[in-house]
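Here is a short briefing to read alongside the structure. Keep the viewer open and follow the topics in whatever order suits you.

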Amino acid sequence: MTKQEVFTYLSGYYAEAMRKEYAATIGKLAKTKYNKELQGYGKTDKKYQSWRENNLWTVFDKVMCGGKERLILADKGGRCLYAYTGKWWERIDTDNFIKELVKRTFRLLDVGIMYLASCDRIAKELLSTIKSSDEYLFKPSKRYI
């Protein structure tokens, strides 16, 4: 079971980073005032819009996997994840961690209810990226072992 502290820190970090990334990229190109910011994104939609899910995935991927800070890493075998809590690295044993993190981040951003179902697909893609590349390999400091 993952501590609440981990989810609180990471979802807050990713929500803020996603707001900034969205405003700098997709928000600049938006034609209506409802699409200029990520807070409340898709909340007023009457039907599902696949392009909104694509935008959410693009921004989350760019922040989590494309940024300079790596806050979630995997071990060499890809079985365990390690998450940074703001103070230290904590071992996460479950794959549902990423799904729950995406869901909590979307709740902080007040994303429309129709797009909360896309958390599973977004989490699978993010997890695949983290586990498949040595770029996200957790390398503990030898002096603390």
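The notes below go through the sheet, the nonpolar core and the aromatic side chains.

This is a predicted model. It has an open sheet of three strands, paired antiparallel, and its largest nonpolar core holds 39 residues. A search of the whole structure also turns up eleven aromatic pairs.

**The sheet**

- The strand order is E1-E2-E3, and the pairing is antiparallel.
- E1 and E3 (89-92) are the edge strands; each has a single partner strand, so one side of each is left without a neighbour in the sheet.
- On average, neighbouring strands are turned by 30° against each other, direction ignored.
- Helix H1 lies across E1, E2 and E3 and runs at about 70° to E2.

**Strand pairs and their turns**

- E1 and E2 run antiparallel and are joined by three bridges. To find the register, look for alanine 74, whose bridge partner in E2 is leucine 81, and for isoleucine 72, which stands opposite alanine 83 in E2.
- The hairpin formed by E1 and E2 has six residues between the strands, and glycine 78 in its turn has a positive phi of about 80°.
- E2 and E3 are also antiparallel, with four bridges joining them. Here alanine 83 stands opposite glutamate 90 in E3.
- The hairpin formed by E2 and E3 has four residues between the strands, and its turn contains glycine 86, with a positive phi of about 100°.

**The nonpolar core**

- In soluble globular proteins, nonpolar side chains tend to be buried together.
- Which members of the 39-residue core touch the most other members? They are Phe97 and Ile98.
- Two or more residues each come from helix H1 (4-24), helix H3 (50-64), strand E1 (72-74), strand E2 (81-84), helix H4 (96-109) and helix H5 (119-132). H1 gives the largest share, seven residues.
- Setting aside neighbours within four places in sequence, phenylalanine 97 is in contact with Thr2, Val6, Phe7, Leu10, Ile72, Leu81, Ala83 and Ile92. Some of these names will be familiar from the sheet: Ile72 and Ala83 stand opposite each other, and Leu81 is the bridge partner of alanine 74.

**Aromatic pairs**

- One aromatic cluster is made up of Tyr9, Tyr13, Tyr14, Phe60, Tyr82, Tyr84, Trp89, Phe106 and Phe138.
- Among the eleven pairs, tyrosine 13 and tyrosine 14 meet edge-to-face, at 5.4 Å centre to centre with 75° between the planes.
- Are these two tyrosines buried or partly exposed? Tyrosine 13 has 27% relative accessibility and so counts as partly exposed, whereas tyrosine 14 is buried, with a relative accessible area of 1%.
- Tyrosine 14 also pairs with phenylalanine 60, and this pair is tilted: 5.8 Å centre to centre, with 40° between the planes. Tyrosine 14 lies in helix H1 and phenylalanine 60 in helix H3, so the pair ties together parts that are 46 residues apart in sequence. Both residues of this pair are buried.

**Charges over rings**

- Arginine 52 lies over the face of tyrosine 41, 4.7 Å from the ring centre.
- Arginine 104 has its charged end over the ring of phenylalanine 7, at 4.2 Å from the centre of that ring. Phenylalanine 7 is also one of the residues in contact with phenylalanine 97.

Definitions and conventions
Residues are numbered from 1 along each chain as its sequence is written. Side-chain values use heavy atoms; hydrogens and water are left out. A nonpolar core is a set of buried Ala, Val, Leu, Ile, Met, Phe, Trp, Tyr and Cys residues joined through side-chain atoms within 4.5 Å. Buried means under 20% relative accessible area, exposed over 50%, partly exposed in between (1.4 Å probe, protein chains only). Contact means heavy atoms within 4.5 Å. Two strands pair if DSSP finds at least two bridges between them. Axes are lines fitted to C-alpha atoms, for helices over the stretch in contact, and angles run from 0 to 180 degrees between N-to-C directions. Rings of Phe, Tyr and Trp (its six-membered ring) pair if their centres lie within 6.5 Å; planes under 30 degrees apart count as stacked, over 60 as edge-to-face and the rest as tilted. A charge sits over a ring if NZ of Lys or CZ of Arg is within 6 Å of the ring centre and within 35 degrees of the ring normal.
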